[in-house]
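This report introduces a protein chain to a reader who has not met it before. It describes the overall fold, then a metal site, and finally some points of backbone geometry.

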Amino acid sequence: MLKMVELHGGGVEVESEPGRGSRFIMTFPWQGIQTQETSVESSPSIGLPEVEANTIRSMILIVEDNLLYLNLLTDVLSHCGYHVITALNGEEGIATAREKLPQLILLDIQMPILDGFQATRKIRSYPELGKTPIIALTAPAMNGDREKCFQAGMNDYISKPVSIDELQKVFEDQLYLHKIE
Ligand code: MN
């Protein structure tokens with residue numbers, strides 16, 4: 001299977017072979033300099049599970065200001081069987097969370113208007129969203145921000161570039177914990 005989504009002169013490529021996992025490659029040109037390539041890969045052991053007919057799909061809200069990254073994550077997580085809804089900044093993320101009440105929120109830290117920490121505090125101020133798992137998406141080197149994530153009320157964090165296996169593991173852990181509370 002090969003799928004290409006065109007995005008502003010770049011693209012998201014998904015290669016998948018049965019039993020061999022999948023590879024997602026995001027490319028975009030930077031002002032004619034050189035093409036930057038970001039990829040996320042899933043291991044053969046996990047692959048991309050087909051959605052089972054009797055499974056109720058968990059609704060995941062992704063809040064991310066980088067449109068390419070947002071589209072990549074949406075594509076990947078939809079393949080993994082989640083019902084994905086999106087927002088492009090903290091403020092929009094809060095409004096969408098209140099309206100749709102997702103089972104889990106994946107929240108970028110560095111965003112305009114409201115950053116991930118501010119958005120989390122605001123989300124936590126609404127009783128209906130007080131316990132919704134919030135996973136931070138952090139930049140590669142944000143050592144000091146780990147504590148800030150937890151202090152703001154986030155449940156876990158994932159560093160970019162994102163590994164699909166790690167993403168699925170964190171999601172499953174959080175969704176499970178949330179259900180047995
Ligand atoms: Mn960002």
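## Fold and metal site

Read from start to end, the chain follows the order β-β-β-β-β-α-β-α-β-α-β-α-β-α. The model is a predicted one. In total, the chain holds five helices and nine strands. It has 181 residues, of which 45% are buried. Among contacts between residues at least 6 apart in sequence, 55% join residues at least 24 apart. The accessible surface of the chain comes to about 9,700 Å², and carbon and sulfur atoms account for 51% of that area.

A manganese ion is coordinated by Asp-65 (OD), Asp-108 (OD) and Gln-110 (O), at 2.0 to 2.1 Å. Along the sequence, the spacing of these donor residues is D-x42-D-x1-Q. Asp-65 lies in the loop between strand 5 (59–63) and helix 1 (67–79), while Gln-110 lies in the loop between strand 7 and helix 3, so the pair ties together parts that are 45 residues apart in sequence. Strand 7 covers residues 104–108, and helix 3 covers residues 116–124. Asp-65 has a relative accessible area of 33% and is therefore partly exposed, since it falls between the limits of 20% and 50%. Gln-110, with a relative accessible area of 52%, is exposed, because the cut-off for that class is over 50%.

## Backbone geometry

Most residues other than glycine have a negative phi, and most peptide bonds are trans. Against that background, three places in the loops deserve attention.

| Place | Backbone value |
|---|---|
| Leu-101 | phi about 50° |
| Ile-113 | phi near 70° |
| Lys-160 to Pro-161 | omega near -5° |

Leu-101 has a positive phi although it is not a glycine. This residue is found in the loop between helix 2 (90–100) and strand 7 (104–108). Its relative accessibility is 40%, so Leu-101 counts as partly exposed.

Ile-113 likewise has a positive phi and is a residue other than glycine. It lies in the loop between strand 7 and helix 3 (116–124), the loop that also contains Gln-110 of the manganese site. With a relative accessibility of 58%, Ile-113 counts as exposed.

The peptide bond from Lys-160 to Pro-161 is cis. Pro-161 belongs to the loop between strand 9 (156–159) and helix 5 (164–180).

Notes. Residues are numbered from 1 along each chain as its sequence is written. This is a predicted model: local features need pLDDT of at least 70, side-chain atom pairs count only at pLDDT 80 or more; totals for chains, interfaces and linings use all residues. Side-chain values use heavy atoms; hydrogens and water are left out. Helices (H or I, at least four residues) and strands (E, at least two) are DSSP runs, numbered from the N terminus. Buried means under 20% relative accessible area, exposed over 50%, partly exposed in between (1.4 Å probe, protein chains only). Donors are N, O and S atoms within 2.8 Å of the metal (3.2 Å for Na, K and Ca); water is not among the atoms, so sites may look incomplete. Contact means heavy atoms within 4.5 Å. Accessible areas come from the Shrake-Rupley method with a 1.4 Å probe; for residues, only the protein chains shown count as cover.
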